[in-house]
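Take a look at the model below. The text then walks through its ligand site, its empty spaces and a few single residues.

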Amino acid sequence: LSDAETADAVVVGAGLLGAATTYELSKAGLHTVLLERGSPNRESSGATAGNIHVQAIHARRPGQVHPADPSVFLPLQIAASDIWDQLETELGADIEVRRGGSFMVAETEEQVAALRAKHNLEVQLGLMTELLAGDDARSEMPLLGPTVVAANYCAKDGYANPLLATPAFLRAANRFGARLYAFNPVTAISRIGLNYRISTANRVFEAPVLINAAGAWISEIADLAGIHLQMAPLAIQMHATERTEPLMSHVIQHVGQGLSVKQVNAGNFLIGGGWPAHGLNLNGRSPISIESMLGNIRQAHRVLPFLKGHRILRVWAGPLAATPDELPVIGEVPGASGFFVVGGTYGFTLAPLWAQVLSSLVRGCATNQDLSQVSVGRLVLEV
Ligand SMILES: Cc1cc2nc3c(=O)[nH]c(=O)nc-3n(C[C@H](O)[C@H](O)[C@H](O)COP(=O)(O)OP(=O)(O)OC[C@H]3O[C@@H](n4cnc5c(N)ncnc54)[C@H](O)[C@@H]3O)c2cc1C
């Protein structure tokens with residue numbers, strides 16, 4: 001007789017992707033167990049900027065070698081946006097979703113051409129964004145500086161509070177009977193008949209479905225099952241100013257360089273944009289880079305000169321798992337029935353969508369998303 005606890009599905013990793021997937025699976029009636037090596041929401045999903053990106057993304061964060069293809073992301077962003085519209089009602093929780101719109105700015109003619117190209121793509125896909133000349137953008141958003149020569153406005157962009165989003169999914173999943181085991185690092189995965197046998201330091205589970213949502217550790221977890229994924233961890237950083245009275249309800253982004261600036265409920269401005277940390281530490285906090293801090297802050301000061309009067313209070317870094325083509329990844333590993341993977345970039349925006357897609361895939365139902373360019377098969381080196 002097996003000593004293992006059984007479940008319909010075991011999810012590894014209690015970040016936003018794991019929590020949202022656990023919620024959707026439990027809601028669909030699957031007996032779901034979520035395993036987390038530490039405390040939930042401590043890694044990427046707790047360190048994130050928390051932007052809900054709906055207008056097409058800029059293709060390259062600072063230091064990124066391969067540009068991402070915004071046309072693959074855009075239909076997914078639009079689908080995720082619709083889910084974010086209903087999310088607080090769905091979860092019965094205030095997670096500070098704010099959809100105040102976003103200006104993505106350009107400062108050079110080359111960047112204006114990039115803005116125009118992405119604006120055309122958005123309109124083609126039915127996302128109504130507005131391309132504005134610099135002065136028109138400044139009359140809508142007077143805090144923008146004189147170097148801004150054009151901006152693309154999307155009313156659906158926004159952000160949510162990352163410290164509230166994952167816990168809200170966990171609470172909602174728990175109401176559907178999901179079980180979370182925190183401080184239970186997965187240490188071994190084997191195949192017993194049609195089931196995966198998943199061991200942690202204290203417990204053993206068996207389930208026909210395993211969802212690998214381990215963020216920067218996604219390759220490590222896949223390796224335990226003999227699956228080698230082409231995904232590499234890295235860390236990027238965020239900067240927060242001291243608090244001030246409400247001045248800005250929009251998110252400001254940059255089409256040419258990584259930049260996102262917003263003022264959160266508490267009054268702090270959060271400044272990010274994917275600037276690299278000073279290396280990677282997956283056993284603690286990755287060290288921050290002074291060069292990235294200076295680069296990111298200088299750029300924020302140029303685009304939003306009023307920020308010069310606001311002192312930086314805190315800098316932190318969070319981990320990510322990047323794919324060689326910088327696209328996300330979702331799906332069942334070919335040749336490993338029941339082993340699903342979900343991760344990659346823009347996971348905060350896409351998490352509610354990915355959770356619904358996984359719930360459909362696990363239950364053998366069709367999904368209306370085109371997953372051909374984000375499938376896991378493209379990243380599998382060996383099974
Ligand atoms: C600084 C920063 C800014 C970002 N800004 C944005 C943004 O504005 N918008 C956007 O859409 N995306 C953004 N992202 C990306 C987004 O935050 C991530 O894609 C998303 O949070 C990933 O969630 P996750 O659940 O996959 O990973 P994580 O939140 O890292 O969760 C993975 C979990 O797996 C656990 N785990 C690891 N190993 C094991 C094991 N052996 N056993 C059990 N559990 C294990 C970890 O402890 C962790 O809790 C940003 C990321 C960072 C770092």
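What follows starts at the ligand and moves outward. Keep in mind that this is a predicted model.

Begin with the ligand. How many residues surround the ligand? The count is 35. Glu36, Ser45, Asn51, Val186 and Thr349 are the closest of them. Sorted by class, the shell has 19 nonpolar residues, 13 polar ones and 3 charged ones.

Now look at polar contacts with the backbone. Ala49 places a backbone N or O atom 3.3 Å from a nitrogen atom of the ligand. Phe348 has a polar backbone atom 3.3 Å from an oxygen atom of the ligand. For Thr349, a polar backbone atom and a ligand oxygen are 2.8 Å apart. Thr349 is also among the closest residues named above. How much of the ligand does the protein bury? Alone, the ligand would expose 1,000 Å², and the protein buries 96% of that. Several elements give two or more residues to this shell. They are helix H1 (16-27), helix H2 (44-47), strand S15 (232-243), strand S19 (312-322) and helix H9 (347-362).

Next, turn to the second largest pocket. Its volume is about 510 Å³. The lining has 27 residues. Nearest the centre of this pocket lie Asn161, Leu163, Leu270, Arg314 and Trp316. Which elements supply at least two residues each to the lining? They are H2, helix H6 (162-175), S15, strand S18 (268-272) and S19. The largest share, 4 residues, comes from S19. H2, S15 and S19 thus appear here and also in the shell around the ligand. By class, the pocket lining splits into 13 nonpolar, 6 polar and 8 charged residues.

Then there is closed space. A general point helps here. Rolling a probe the size of a water molecule over the atoms shows where empty space is left. The structure holds 1 cavity of 30 Å³ or more. The largest cavity has a volume of about 40 Å³. Which residues line it? They are Glu43, Trp217, Asn281, Leu282, Gly284, Arg285, Ser286, Ala317, Gly318 and Pro319. This lining has 4 nonpolar, 4 polar and 2 charged residues.

Follow one of these lining residues, Glu43. Glu43 sits in the loop between strand S3 (32-35) and H2. Is Glu43 buried or exposed? Its relative accessible area is 16%, so Glu43 counts as buried, the cut-off being under 20%. Glu43 and Ala14 are 29 residues apart in sequence, yet their C-alpha atoms are 9.2 Å apart in space.

The loop that holds Glu43 also holds Asn41. Asn41 is not a glycine, but its phi is positive, near 65 degrees. Asn41 is buried too, at 11% relative accessibility.

Step back into strand S3 and find Thr32. Thr32 is buried, with a relative accessible area of 0%. Its side chain reaches the backbone oxygen of Leu30 at 2.9 Å.

Last comes Phe183. Phe183 lies in the loop between strand S9 (179-181) and strand S10 (186-192). Phe183 has a positive phi of about 50 degrees, although it is not a glycine. Is Phe183 buried or exposed? Its relative accessible area is 56%, so Phe183 is exposed, since that class begins over 50%.

Methods. Residues are numbered from 1 along each chain as its sequence is written. This is a predicted model: local features need pLDDT of at least 70, side-chain atom pairs count only at pLDDT 80 or more; totals for chains, interfaces and linings use all residues. Side-chain values use heavy atoms; hydrogens and water are left out. On a 1 Å grid over the protein atoms alone, a cavity is a set of points where a 1.4 Å probe fits but cannot get out, and a pocket is an open set with protein on both sides within 12 Å along at least five of seven lines; lining residues have an atom within 4 Å of a point. Grid points are joined across faces, edges and corners, and a volume is the space filled by probe spheres set on the points. Ala, Val, Leu, Ile, Met, Phe, Trp, Tyr, Cys and Pro count as nonpolar, Asp, Glu, Lys and Arg as charged, and the others, Gly among them, as polar. A residue is near a molecule or strand if one of its heavy atoms lies within 4 Å of it. A polar contact is a pair of N or O atoms within 3.5 Å; within protein, one must be able to donate a hydrogen and the other to accept it, and residues adjacent in sequence count only if both atoms are side-chain atoms. Accessible areas come from the Shrake-Rupley method with a 1.4 Å probe; for residues, only the protein chains shown count as cover. Buried means under 20% relative accessible area, exposed over 50%, partly exposed in between (1.4 Å probe, protein chains only).
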